[in-house]
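Please open the structure in a viewer and keep the sequence panel visible. The tour below proposes a series of selections and describes what is found at each.

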Amino acid sequence: MSADGAWQTVSVDIIQKLFGYKEPTLMVIESERWLDLAPSADIDAAVEKRCRKEGWTDHREEPGHEFRCMAMIQGGGMTGVLEIHSLGLVLATLSREESEPAMAQMREDNNLRATGVRARGLLDADGRWRISLNL
């Protein structure tokens, strides 16, 4: 790193400390709870896209494919909810009750607006994707 680069890093660190900025630490939401999403054509299309991109081959084997999605807060205050995205496509918009435990973790970590969430996908006997989120 050049001297200029080192100076910029130090000056940014000092400014962040002066203003009380804290780097986010929550990379993926952690929970004991798995939330099952209702099957839908949108979920099927989004997961098929991911399946093709990542080359999944064992679609029907338990426990399914584990992958990561983005959880993003939409709205604010008492009306905010989580929207779950996979490869830029919306998998689900969760209710306030479903969203609250995860949003509480995000608030505790410097009021994050987006973070990762673990997901599992399994193709059922009817050819529909069953998705569970670790929220």
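The stops run from the overall fold to single residues.

**The whole chain**

The model is a predicted one. Begin with a cartoon view: the secondary structure comprises three helices and six strands. Followed along the sequence, these elements appear in the pattern α-β-α-β-β-β-α-β-β. Switch next to a surface view, where the protein exposes about 8,200 Å²; carbon and sulfur atoms supply 55% of that area. Of the 135 residues, 36% are buried. Among contacts between residues at least 6 apart in sequence, 62% join residues at least 24 apart.

**The nonpolar core**

Which residues have the most contacts inside the largest nonpolar core? Select Leu82 and Leu135, which hold that place in a core of 28 residues. Colour the chain by element to see where the core comes from: α2, β2, β3 (81–86), β4 (89–93), α3 (96–108), β5 (114–123) and β6 (129–134) each supply at least two of its residues. As a general point, nonpolar side chains in soluble globular proteins tend to be buried together.

Centre the view on Leu82 and display its neighbours. Leaving aside residues up to four places away in sequence, Leu82 touches Ala71, Met72, Ile73, Ala92, Thr93, Leu94, Ser99, Ala102, Met103, Met106 and Leu135. Two of these neighbours, Ser99 and Met103, are the next selections.

**Helix α3: Ser99 and Met103**

Select Ser99, which lies in helix α3. Is Ser99 buried or exposed? Its relative accessible area is 0%, so Ser99 is buried. Beyond residues up to four places away in sequence, Ser99 touches Val81, Leu82 and Leu94.

Move along to Met103, also placed in helix α3. Met103 has a relative accessible area of 2% and is therefore buried. With residues up to four places away in sequence set aside, the contacts of Met103 are Ile73, Gly80, Val81, Leu82 and Arg96. Draw a distance from Met103 to Leu135: the C-alpha atoms are 9.5 Å apart in space, although the residues are 32 apart in sequence.

**The aromatic cluster**

Select Trp56, Phe67 and Trp129, which ring pairs link into a cluster. The count of aromatic pairs comes to two. In the pair formed by Trp56 and Phe67, the ring centres are 5.4 Å apart and the planes stand at 45 degrees, so the pair is tilted. This pair links distant parts of the chain, with Trp56 in the loop between α2 (41–54) and β2 (65–74) and Phe67 in strand β2, 11 residues apart. Both partners are shielded: Trp56 counts as buried at 10% relative accessibility, and Phe67 counts as buried at 4%.

Remain on Phe67 and show its surroundings. Apart from residues up to four places away in sequence, Phe67 touches Arg50, Trp56, Ser86, Val117, Arg118, Ala119, Arg120, Gly121 and Ile131. Val117 is 50 residues from Phe67 in sequence, with 8.5 Å between their C-alpha atoms.

**A charge over a ring**

Arg120, one of the residues touching Phe67, leads to the next selection. Add Trp34 to the display: the charged end of Arg120 sits over the ring of Trp34, 3.8 Å from its centre.

**Two loop residues**

Where is Ala38 placed? Ala38 is in the loop between β1 (34–36) and α2. Ala38 has a relative accessible area of 58% and is therefore exposed. Select Arg130 as well: the C-alpha atoms of Ala38 and Arg130 are separated by 7.6 Å, while the residues are 92 apart along the chain.

Turn then to Leu87, found in the loop between β3 and β4. Its phi is near 50 degrees, a positive value in a residue other than glycine. Most residues other than glycine have a negative phi. At 28% relative accessibility, Leu87 counts as partly exposed.

**The cysteines**

For the last stop, select Cys51 and Cys69. Cys51 counts as buried at 6% relative accessibility, and Cys69 is buried with a relative accessible area of 3%. How many disulfides does a search of the whole structure find? The search finds zero.

Definitions and conventions
Residues numbered from 1 in each chain as written. Predicted model: local features only at pLDDT ≥ 70, side-chain atom pairs only at ≥ 80, totals over all residues. Heavy atoms only, no water. Phe/Tyr/Trp six-rings, centres within 6.5 Å; stacked < 30°, edge-to-face > 60°. Helix = DSSP H or I, 4+ residues; strand = E, 2+ residues; numbered from the N terminus. Buried < 20%, exposed > 50% of the residue type's maximum accessible area, 1.4 Å probe, protein only. Lys NZ or Arg CZ within 6 Å of the ring centre and 35° of its normal. Core = buried A, V, L, I, M, F, W, Y, C linked by side-chain atoms within 4.5 Å. Contact = heavy atoms within 4.5 Å. Areas by Shrake-Rupley, 256 points an atom, 1.4 Å probe, with all protein chains shown as cover. Disulfide = S-S within 2.5 Å.
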